[in-house]
Amino acid sequence: MIHAYTGEGKGKTTCAIGLLVRAFGSGKKVIVIFFDKGSETYRHNELIALDRLGIEYHVTGLERMGTDGKFRFGVIEGDKKEALRGIAIAENAIKVEKFDMVVLDEALSAVTYGMLDKAMLEKLIDDTPETTELVLTGRCNDKSIFEKCDLVTSMTKEKHYFDKGVAARPGIEY
């Protein structure tokens, strides 16, 4: 089946990683490819957990936090190159290594923000055999992508403590 976890609310990655851990616990061969989450200095806490569990993952993307502490918005050529690297890893995981579950975290956002060509993601979806669960996360409103999915869940923000000025907390937001 093809899963999509999307929307403006919190929980897309958390949901996909939870599903991955469940599949891993049942003996399935699993992998996750993180799109646009590259960093030389920062390790997301989910990576630490995946290391402890022995779950394979790959992180793609360029550093977005500058040495001055400012976040880089927008897309540059290096971002597109990294997204292509992520798709190549996913293709290998699906076609060659034949993982039972492949999670593409933020792949939908990579399409939405112009890092990845939509046709490439759609081809990957089309080429995914029925024996593989493909899980996509990220912000996206593209109905043609969702039509290719068997499950689409939209995380809707009703209320968020960020709006009160609460900072991101380790182990909860990252």
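I began with K157, which in this predicted model forms a salt bridge with D163, their closest N and O atoms lying 2.9 Å apart. I then looked up how open the two partners are, and found K157 partly exposed at 41% relative accessibility, whereas D163 is exposed, with a relative accessible area of 55%.

I next turned to E173, which forms a salt bridge with R169 at 3.5 Å between the closest N and O atoms, and also one with K10, where the closest N and O atoms are 4.0 Å apart. Because K10 sits in the loop between β1 and α1 while E173 belongs to the segment after β6, this pair ties together parts that are 163 residues apart in sequence. I noted E173 as partly exposed at 23% relative accessible area, K10 as partly exposed at 40%, and R169 as partly exposed at 33%.

Searching the whole structure, I found 14 salt bridges; D36, R64, R72 and D79 are joined into one network by salt bridges that share partners.

I then traced the sheet, an open one of six strands in the order β3-β2-β4-β5-β1-β6, with parallel pairing. Since β3 (56-59) and β6 (151-154) stand at the edges with a single partner strand each, one side of each has no neighbour in the sheet. I recorded that β2 (residues 30-34) and β4 (residues 101-105) run parallel and are joined by five bridges, with F34 having D105 as its bridge partner in β4.

Finally I checked the helices: α1 (residues 12-25) packs on the sheet, touching β1, β2, β4 and β5, and its direction makes about 160° with that of β2. Helix α3 (residues 77-95) also packs on the sheet, touching β2, β3, β4 and β5, with its direction at about 170° to that of β2.

Conventions:
Residues are numbered from 1 along each chain as its sequence is written. This is a predicted model: local features need pLDDT of at least 70, side-chain atom pairs count only at pLDDT 80 or more; totals for chains, interfaces and linings use all residues. Side-chain values use heavy atoms; hydrogens and water are left out. Two strands pair if DSSP finds at least two bridges between them. Helices (H or I, at least four residues) and strands (E, at least two) are DSSP runs, numbered from the N terminus. Contact means heavy atoms within 4.5 Å. Axes are lines fitted to C-alpha atoms, for helices over the stretch in contact, and angles run from 0 to 180 degrees between N-to-C directions. A salt bridge is a side-chain nitrogen of Lys or Arg within 4 Å of a carboxyl oxygen of Asp or Glu. Buried means under 20% relative accessible area, exposed over 50%, partly exposed in between (1.4 Å probe, protein chains only).
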